[in-house]
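Thanks for making the time this morning. I would like to walk through one structure with you, going from a residue in a loop to the ligand and then to a strand.

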Amino acid sequence: MKHLKNKTIWITGASAGIGEALAKALAIEGANLVLTARREDELNRVASETGLPQEKIMILPADVTHLDETASLTNQVIQRFGTIDILVNNAGRSSRALAAETPIEIDQQLMKLNYFAPVALTKAVLPQMIKQGSGHIVVTSSVMGKFGTPLRSAYSASKHALHGFFDTLREEVSDKGIQVTILCPGYIKTEVSINSITANGDNYNKMSRYQQNGTSPEKLARRVVKGIKRGKREIWYGGIEILGLYLHRISPYLLYQYLKTQHRKNAFLE
Ligand SMILES: NC(=O)c1ccc[n+]([C@@H]2O[C@H](COP(=O)([O-])OP(=O)(O)OC[C@H]3O[C@@H](n4cnc5c(N)ncnc54)[C@H](OP(=O)(O)O)[C@@H]3O)[C@@H](O)[C@H]2O)c1
């Protein structure tokens, strides 16, 4: 998809952070946008800040973990715009808890939001893309979808699972004109750490110094727009932490030794 003008692009997690930045970057490309998240007031704010006229933007508030609502949401988008060209599965949440102290219900909660919700929405949208003979599914994983770091077992597992599903899907649908792009951001300056889930289900409520000093979501969004146009299989983007992805390929042993020393210094709580 070389041009995004007038393409219908549905973004989840569009009320803040990376999703918000993506909405604004895609608006500049002249796309029609569908914005989903739970907070309708924030979606309205983002919509007005895109500067798009009303006929090019649709607010579709939803909790993406309500998996039985995906068909009805999809129909609403098709009724409004006639097509769905790109689905960006971006809504998600991180975790801050030791595996040994995390009740299984927390793992299940995160798996539902970070893994089952994108899978369910993708399955709801695919019949329309197959009918069109074109489409593009984007999903936001993470550097932690490639390797695990302490205190993020539930988060890292849910992001790893995305790679298994979406890598397979890419092979299955490429001859139907459908592309799949997996985003692996490093530390991006959003409220993701504040919104992270802890062992008792509460928010972590602390701004991580890594996110605080991280890459701006706007920079990431510009890179993602380029990557979508080029049909990239994966997009790795962030700061020095991206080197971890390369080190993981070359020597997982060295990477995990380094992560262990960081854990001893409590770096993953910062
Ligand atoms: N920031 C980073 O360093 C980083 C790095 C790698 C990957 N990521 C990934 O990037 C994605 C976006 O995160 P972010 O950094 O932008 O964090 P964020 O600022 O906390 O944004 C999270 C977004 O997800 C939405 N959301 C959460 N639960 C939802 C639900 N049940 N239903 C619908 N929407 C829901 C939130 O909207 P509402 O609260 O309005 O529902 C919000 O729009 C996530 O998948 C995250 O794992 C982030």
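**A walk through the model**

Let me begin with E55, which is exposed, since its relative accessible area is 57%, and the cut-off for that word is over 50%. Please keep in mind throughout that this is a predicted model. E55 sits in the loop that connects α2, residues 40-50, with β3, residues 57-59. If we set aside residues up to four places away in sequence, E55 touches R80 and F81. There is also N32, which is 23 residues away from E55 along the chain, and the C-alpha atoms of these two are separated by 8.2 Å.

Now to another loop residue, N90, which is placed between β4, residues 86-89, and β5, residues 95-96. Is N90 buried or exposed? Its relative accessibility is 10%, so N90 counts as buried, the limit for that being under 20%. Beyond its neighbours within four places in sequence, N90 is in contact with T12, G13, I18, G19 and T140.

One of those contacts, I18, brings us to the ligand, because a backbone N or O atom of I18 lies 2.8 Å from a ligand oxygen atom. Two side chains also come into this part of the story: a polar side-chain atom of R38 is 2.7 Å from an oxygen atom of the ligand, and for T190 the distance from a side-chain N or O atom to a ligand oxygen is 2.6 Å. How much of the ligand does the protein cover? On its own the ligand has 870 Å² of accessible area, and the protein covers 95% of that. The elements giving two or more residues to the surrounding shell are α1, residues 17-28, and α5, residues 153-173. In total, 30 residues surround the ligand, and the closest are S15, R38, Y155, T190 and Q211. By character, that shell divides into 13 nonpolar, twelve polar and five charged residues.

Finally, let me turn to strand β1, residues 8-12, which is mostly covered, with five of its five residues buried. T8, W10 and T12 point one way from β1, while I9 and I11 point the other way, and all are buried; T12 is also among the contacts of N90 that I listed earlier. Which strand is joined to β1, and how do the two run? The partner is β2, residues 32-36, joined to β1 by five bridges, and the two run parallel. Within that pairing, I11 has L35 of β2 as its bridge partner.

Note on methods. Residues numbered from 1 in each chain as written. Predicted model: local features only at pLDDT ≥ 70, side-chain atom pairs only at ≥ 80, totals over all residues. Heavy atoms only, no water. Helix = DSSP H or I, 4+ residues; strand = E, 2+ residues; numbered from the N terminus. Buried < 20%, exposed > 50% of the residue type's maximum accessible area, 1.4 Å probe, protein only. Contact = heavy atoms within 4.5 Å. Near = heavy atom within 4 Å. Polar contact = N/O pair within 3.5 Å; in protein donor to acceptor, adjacent residues only side chain to side chain. Areas by Shrake-Rupley, 256 points an atom, 1.4 Å probe, with all protein chains shown as cover. Nonpolar A, V, L, I, M, F, W, Y, C, P; charged D, E, K, R; others polar. Pairing = 2+ DSSP bridges.
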